[in-house]
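Take a moment to look over the sequence and the structure together. The paragraphs after them give a short guided walk.

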Amino acid sequence: LSSVLEVLGTVLPEERIILREGSLEKLSKDFYWYSPVLKRQLEDKKADFGLMIETREELQKVISILFEYQVPIQIRGGGTGNYGQLIPLYGGVILDLSGMDAIHSVEEGVLRAEPGVRIATIELEAGKAGYEMRCIPSTWVKSSFGGFLAGGSGGIGSITYGGIASNDNMVSATICTVEAEPKIVKIEGPDCLRVLHTYGTNGILVEAEMKLGVKRKYEQLIFSHADWSTLFDWTNSIAQDRSILKRLVTQFDGDIVDAFKPLRRYFTEGEHVTFLLIDEAFVEGVLASAEEAGIRFCHQMPLNFPPKPPYLTDYTWNHTTLWALKKDPNITYLQLGFGPTGFKERAQLLKDAFPDEIFHHLEFTANHEPEGEATGISCGGLPIVKFTTEERLNEIISFCWDNGIFVANPHTCILEEGGRHDDLDEKRRLKSLYDPKGLLNPGKMKTYESNPFTAPV
Ligand code: FAD
């Protein structure tokens with residue numbers, strides 16, 4: 001370790017080489033503790049040192065040294081990942097790229113930026129030019145562009161545009177390879193998806209281009225109803241109506257919203273709740289439709305620009321789980337897809353099978369195929385799950401699979417176990433090309449056979 005640190009000291013100032021235990025512990029962790037399973041597996045994992053990188057040139061010099069000394073390399077953006085994606089399984093280094101944070105351009109509806117820029121900053125800059133990001137995670141205040149592309153999937157905005165991998169949302173991704181002489185490679189079009197959502201295992205993102213949407217002025221609306229099915233049907237009707245311009249459609253079981261302390265005064269006890277972000281021009285129509293369907297209108301707040309809290313988004317997507325964990329540390333969650341059709345029936349089936357263990361949190365999204373047309377609006381779930389044992393959690397997961405419910409398992413940090421990777425062979429091929437020694441986040445792409453590190457995980 002001392003010799004590699006000595007050489008790194010020739011290319012980076014001392015204050016950007018992190019060795020202090022407390023700082024290293026912080027740099028090495030994300031929100032993995034959401035999962036009781038990952039908490040047990042990853043609690044003691046940590047990098048040996050951290051490096052704060054500010055430019056692409058610096059990155060290339062550092063990688064060249066790390067390659068020579070065969071050091072495991074983990075990349076960090078904002079550190080808000082949920083599955084321990086960035087946590088080193090074999091020690092090594094954390095490269096903090098939050099200093100590589102330039103927005104190169106926001107032009108003709110396309111953003112070109114470095115990975116470390118915060119999504120909140122992009123929203124601000126894009127907003128000034130009349131645009132908004134097509135989808136953002138609910139962690140948009142803290143998380144980075146690169147971390148979202150490499151570790152996330154979609155979120156607010158996905159009701160209109162789908163997720164990162166949907167449609168033509170991504171224009172290009174530029175990566176730095178891990179070699180003696182690191183190269184910069186730009187991958188354009190849908191091929192770039194092969195280095196995205198791979199947890200930094202097959203390339204280090206140094207720049208990306210993503211399409212933007214037209215900026216809208218949204219109102220934040222809360223509705224409720226005592227009957228889950230009645231509320232679902234109305235919420236779904238709003239979600240399905242593409243003529244209503246919107247950024248968020250979320251429905252929660254009444255048991256969940258009790259955890260949203262700052263908003264409690266707007267809820268009626270025992271009622272299930274829907275949150276919407278709707279373009280202001282459509283609010284009147286949505287309110288009229290709620291009245292006609294007998295849905296209770298609870299509250300409305302504008303979403304200002306530049307953005308100022310309160311944000312309803314702070315309670316949606318994986319923020320819901322955070323509030324629920326604050327109220328009851330014995331809960332956990334799942335990430336489910338209920339299918340392009342029959343989604344209400346599957347959600348109902350799951351609830352009926354585990355009435356005291358599953359509490360529905362539904363996010364409505366547009367389903368797009370890469371390069372394809374929108375194929376419809378459906379709903380996925382991030383249900384709150386009452387946690388008892390890993391065995392019971394696995395029983396619930398098996399029930400989902402047996403009943404046509406897709407599970408992106410958030411209780412694993414292994415790429416192949418966490419989601420659908422239809423192009424895994426290609427992702428693996430790129431890893432051998434761009435990371436020939438297998439130094440990038442070793443152990444996370446488990447089907448990559450040339451992992452040189454063998455310490456037990
Ligand atoms: P990090 O945690 O720093 O990194 C994530 C992964 O990307 C790691 O594997 C890391 O190694 C890799 N990585 C980071 N930068 C690079 C790079 N330059 N090159 C290669 N690899 C890199 N996710 C969603 O998709 N939608 C949501 O709505 C959402 N809501 C969330 C709510 C909460 C409360 C929490 C805790 C998490 C949520 N997440 C969500 C997960 C996470 O916040 C997002 O995916 C976020 O965008 C990750 O960004 P980050 O900068 O924090 O990434």
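What follows goes from the domains to the ligand, then to the strands and some backbone details.

Keep in mind that this is a predicted model. The protein chain is divided into two parts, domain 1 (103-214) and domain 2 (218-407). Their centres, taken over C-alpha atoms, are 25 Å apart. Where the two domains touch, domain 1 contributes 19 residues and domain 2 contributes 21 residues. On the side of domain 1 that touches domain 2, α5 (119-128) and α7 (158-161) are the elements that give two or more residues. Of these, α7 gives the most, with four residues. By class, this side of domain 1 holds eight nonpolar residues, 10 polar residues and one charged residue.

Now turn to the ligand. It is surrounded by 37 residues. Which of them come nearest? They are Gly-77, Gly-147, Gly-151, Gly-152 and Gly-200. The shell draws on both domains, with at least three residues from each of domain 1 and domain 2. Four elements each supply at least two residues of the shell: β3 (73-76), α6 (145-151), β10 (204-214) and α11 (318-327). The largest share comes from α6, with five residues. Sorted by class, the shell has 22 polar, 13 nonpolar and two charged residues.

One of those suppliers, α11, deserves a second look. The buried residues of α11 are Asn-318, Thr-320, Thr-321 and Ala-324. Seen down the axis of α11, these buried residues fall within an arc of 135 degrees, so they line one face of the helix. A general point about helices helps here. An α-helix has 3.6 residues a turn, so residues three or four places apart point the same way.

Next come the strands, starting with β10, another supplier of the ligand shell. Strand β6 (residues 110-113) pairs with β10 in the antiparallel sense, over four bridges. In this pairing, Leu-111 stands opposite Met-210 of β10. Strand β7 (residues 131-133) also pairs with β10 in the antiparallel sense, over three bridges. Here Tyr-131 faces Val-214 of β10. Strand β8 (residues 170-176) runs antiparallel to β10 as well, and six bridges join the two. Cys-176 has Ile-204 of β10 as its bridge partner.

Elsewhere, β3 belongs to an open sheet of four strands. The order of that sheet is β1-β2-β4-β3, and its pairing is mixed. Which strands form the edges? They are β1 (17-18) and β3, each of which pairs on one side only. At the β1 edge, two bridges join β1 to strand β2 (residues 49-52), and these two strands run antiparallel. Ile-18 has Gly-50 of β2 as its bridge partner. The strand at the other edge, β3, is also among the suppliers of the ligand shell.

The last stop is the backbone. Most residues other than glycine have a negative phi, and most peptide bonds are trans. Some places in this model depart from those habits. The peptide bond from Phe-305 to Pro-306 is cis, with omega near -5 degrees. Pro-306 sits in the loop between β14 (296-302) and α11. The peptide bond from Pro-309 to Pro-310 is cis too, with omega near 10 degrees. Pro-310 is likewise placed in the loop between β14 and α11. Follow the chain on from that loop to reach α11, the helix with its buried residues along one face.

Two residues have a positive phi without being glycine. Gln-70 has a phi of about 55 degrees. This residue lies in the loop between α4 (56-68) and β3. For His-197, phi is near 50 degrees. His-197 is found in the loop between β9 (184-188) and β10. Are the surroundings of these two residues buried or partly exposed? Gln-70 is partly exposed, because 13 other C-beta atoms lie within 10 Å. His-197 is buried, because 21 other C-beta atoms lie within 10 Å.

Definitions and conventions:
Residues numbered from 1 in each chain as written. Predicted model: local features only at pLDDT ≥ 70, side-chain atom pairs only at ≥ 80, totals over all residues. Near = placed C-beta within 6 Å. Nonpolar A, V, L, I, M, F, W, Y, C, P; charged D, E, K, R; others polar. Domains from an automatic or database assignment. Buried ≥ 20, exposed ≤ 12 C-beta atoms within 10 Å, placed from the backbone. Arc of directions from axis to C-beta. Contact = placed C-beta atoms within 7 Å. Pairing = 2+ DSSP bridges.
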